[in-house]
Amino acid sequence: MKYILMHKNIETALIDIDDVLGGITVIEDIYSEKHLPVGVITSKENSEKAVRSSLNRWWRGRCIPASRAGINEALETIGADDTSLLLTRCLGLSLSDHYWIRPADSDLKWENINFFENDFSDDMGDVLFGKKISPSDIEFLSPDNTSDGDLKKRWKIIDGKRCLIKGGSYPYRQQPYNEVIASLIAEKLGIAHVHYDMITIADEPFSICEDFVTTHTELVSAYRIMQIRERKNHESEYMHYVNICRELGVDVVPALDGMITLDYIIANEDRHFGNFGLLRDPDTLEWIGAAPVFDSGTSLWYNRSDDQITTANIICKPFRKTHSEQAKLISDISKPDLSTLDSIEADISRILSSQKPERTALIAKCVMNRTETLKKR
Ligand SMILES: Nc1ncnc2c1ncn2[C@@H]1O[C@H](COP(=O)(O)OP(=O)(O)OP(=O)(O)O)[C@@H](O)[C@H]1O
Ligand SMILES: [Mg+2]
């Protein structure tokens with residue numbers, strides 16, 4: 001079926017999407033190269049096939065990943081084979097950016113369909129949270145069809161605010177608590193961050209945070225930014241990202257200093273290139289700056305047994321293999337002021353109080369030790 005790939009009300013390309021396989025089969029025309037998704041290669045120097053393949057990677061990257069907790073049960077309820085088939089059913093709309101697809105024969109307007117200003121259905125969120133609904137009764141217009149990440153999650157409108165509710169994984173289901181601890185540490189250190197709280201649904205812990213994207217901003221992941229141009233031979237991945245941001249007019253170093261500092265302290269194991277990025281203005285395409293720090297829950301020994309709560313063998317992403325190597329990238333260690341974390345041990349014990357006290361004490365101690373180590377740098 002033919003669609004126009006839209007950026008708010010800007011028509012960017014005329015495309016065909018295969019109703020059975022979910023992919024983009026033809027790019028019939030490009031109307032606005034500059035409004036295409038960031039990092040999609042454009043037509044001048046490339047073949048249609050290369051552009052289509054690049055746009056497909058972006059499009060398929062928009063669907064719920066196959067690794068999402070509980071996705072097979074959800075697909076069974078819906079009666080679909082693949083999450084990419086859900087994208088057309090919600091017109092590709094998301095709460096993290098302003099791209100969508102408009103059926104070629106429709107005159108729908110952005111203001112009447114976007115999820116920032118219009119209500120959306122709870123059905124997909126309910127299905128992703130395990131509810132059985134007959135496929136013919138499901139209303140698919142929901143940002144839950146375009147949400148990324150492995151953890152069980154859903155968007156919900158609460159008191160008019162768009163909120164992301166996100167669970168944890170077994171055995172400790174610690175990620176929601178970790179998000180709260182990471183926000184507290186970021187707040188104490190003065191690092192721009194998304195604020196997370198805790199809620200309980202059917203005895204299960206979840207984190208909840210507000211949408212940090214608005215009708216005037218959109219999130220572009222570091223992964224997509226790094227597709228803008230190839231890495232030069234002499235550039236490390238860190239410098240590749242820093243230099244591209246600089247070319248876009250953003251000095252991202254202070255924000256990276258903050259993120260690397262936080263990740264060191266909480267022993268974050270999953271700061272991949274999809275877990276940070278920049279904000280831009282979707283209308284003017286001006287770059288605003290670094291997105292606030294979000295998704296810090298895969299940290300604090302979230303899946304480790306008590307005897308593994310040490311500073312050894314912690315996975316580090318995205319720039320270096322170890323946190324101590326990555327911490328060397330911090331350009332100004334005097335900022336932020338680490339003495340603001342002097343009472344963090346007690347805060348961690350309070351927030352993690354549902355875990356066994358021995359476990360909580362070990363985690364709090366390790367965070368203190370890591371903070372002290374960083375102070376001595
Ligand atoms: N508060 C928010 N406002 C807008 N978009 C958000 C917000 N939080 C997350 N997102 C978007 O949703 C995606 C998934 O969220 P998040 O990274 O928190 O999930 P996750 O399951 O922990 O991911 P991962 O697989 O990286 O562990 C993010 O990559 C980002 O694009
Ligand atoms: Mg993530």
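User: I would like to learn how to read a pairing between strands, so may I start with one residue: which residue of S3 stands opposite Leu-14?

Analyst: In this predicted model, the residue of S3 that stands opposite Leu-14 is Asp-29. A facing pair like this is best read together with the two strands that carry it, and here strand S2, residues 10-17, pairs with S3 in the antiparallel sense over five bridges.

User: In what order do the strands of that open sheet lie, and which of them are at the edges?

Analyst: The open sheet has four strands in the order S3-S2-S1-S4, and their pairing is antiparallel. The edge strands, each of which pairs on one side only, are strand S3 (24-30) and strand S4 (99-103). When you look at the sheet, notice also that neighbouring strands are turned against each other by 35 degrees on average, with direction ignored.

User: How should I read a hairpin, and how many residues lie between S5 and S6?

Analyst: Begin with the two strands, and then look at the turn that joins them. Strand S5 (residues 153-158) and strand S6 (residues 161-166) pair in the antiparallel sense over six bridges, and within this pair Arg-154 stands opposite Ile-165 in S6. S5 and S6 form a hairpin with two residues between them, and in the turn Asp-159 has a positive phi of about 50 degrees.

User: With which other strand does S6 pair, and over how many bridges?

Analyst: S6 also pairs with strand S8, residues 204-210, in the antiparallel sense and over four bridges. To find a place on this pairing, take Lys-166, whose bridge partner in S8 is Ser-207.

User: How do I read a nonpolar core, and which residues of the largest one touch the most other members?

Analyst: The general idea is that, in soluble globular proteins, nonpolar side chains tend to be buried together. In this structure the largest nonpolar core has 80 residues, and those that touch the most other members are Leu-5, Ile-185, Ile-225, Leu-262, Ile-266 and Ile-363. Helix H8 (residues 253-266) gives the largest share of this core, eight residues, and the core draws at least three residues from each of domain 1 (2-151) and domain 2 (218-375). A second, separate core has six residues, among them Ala-74, Ile-78, Met-124 and Phe-129.

User: If I leave aside the neighbours within four places in sequence, which residues is Ile-363 in contact with?

Analyst: Ile-363 is then in contact with Leu-300, Trp-301, Ile-309, Ile-348 and Leu-352. One of these, Trp-301, is found in the loop between S11 and H9 and has a positive phi of about 55 degrees, although it is not a glycine.

User: Why is Trp-301 counted as buried, exposed or partly exposed?

Analyst: The reasoning rests on a count of other C-beta atoms within 10 Å, where 20 or more makes a residue buried and 12 or fewer makes it exposed. Trp-301 is buried because it has 22 other C-beta atoms within 10 Å. Leu-285 counts as partly exposed because it has 14 C-beta neighbours inside 10 Å; this residue, placed in the loop between strand S10 (277-280) and S11, has a positive phi near 65 degrees. Pro-357 lies in helix H11, residues 357-375, and is exposed because 10 other C-beta atoms lie within 10 Å.

User: Which peptide bonds before Pro-171 and Pro-318 should I look at, and are they cis or trans?

Analyst: The angle to read is omega. A cis peptide bond joins Tyr-170 and Pro-171, with omega about 5 degrees, and Pro-171 lies in the loop between S6 and helix H5 (175-189). The peptide bond from Lys-317 to Pro-318 is also cis, with omega near 0 degrees, and the place of Pro-318 is in the loop between strand S11 (287-290) and helix H9 (323-327).

User: Finally, how far apart are the centres of domain 1 and domain 2, and what does each bring to the contact?

Analyst: The C-alpha centres of domain 1 and domain 2 lie 29 Å apart, and the contact takes nine residues from domain 1 and 11 residues from domain 2. On the side of domain 1 that touches domain 2, the residues divide into one nonpolar, four polar and four charged.

Notes
Residues numbered from 1 in each chain as written. Chains lettered and ligands numbered in written order. Predicted model: local features only at pLDDT ≥ 70, side-chain atom pairs only at ≥ 80, totals over all residues. Core = buried A, V, L, I, M, F, W, Y, C linked by C-beta atoms within 7 Å. Domains from an automatic or database assignment. Contact = placed C-beta atoms within 7 Å. Pairing = 2+ DSSP bridges. Axes fitted to C-alpha atoms, helices over the stretch in contact; angles between N-to-C directions. Nonpolar A, V, L, I, M, F, W, Y, C, P; charged D, E, K, R; others polar.
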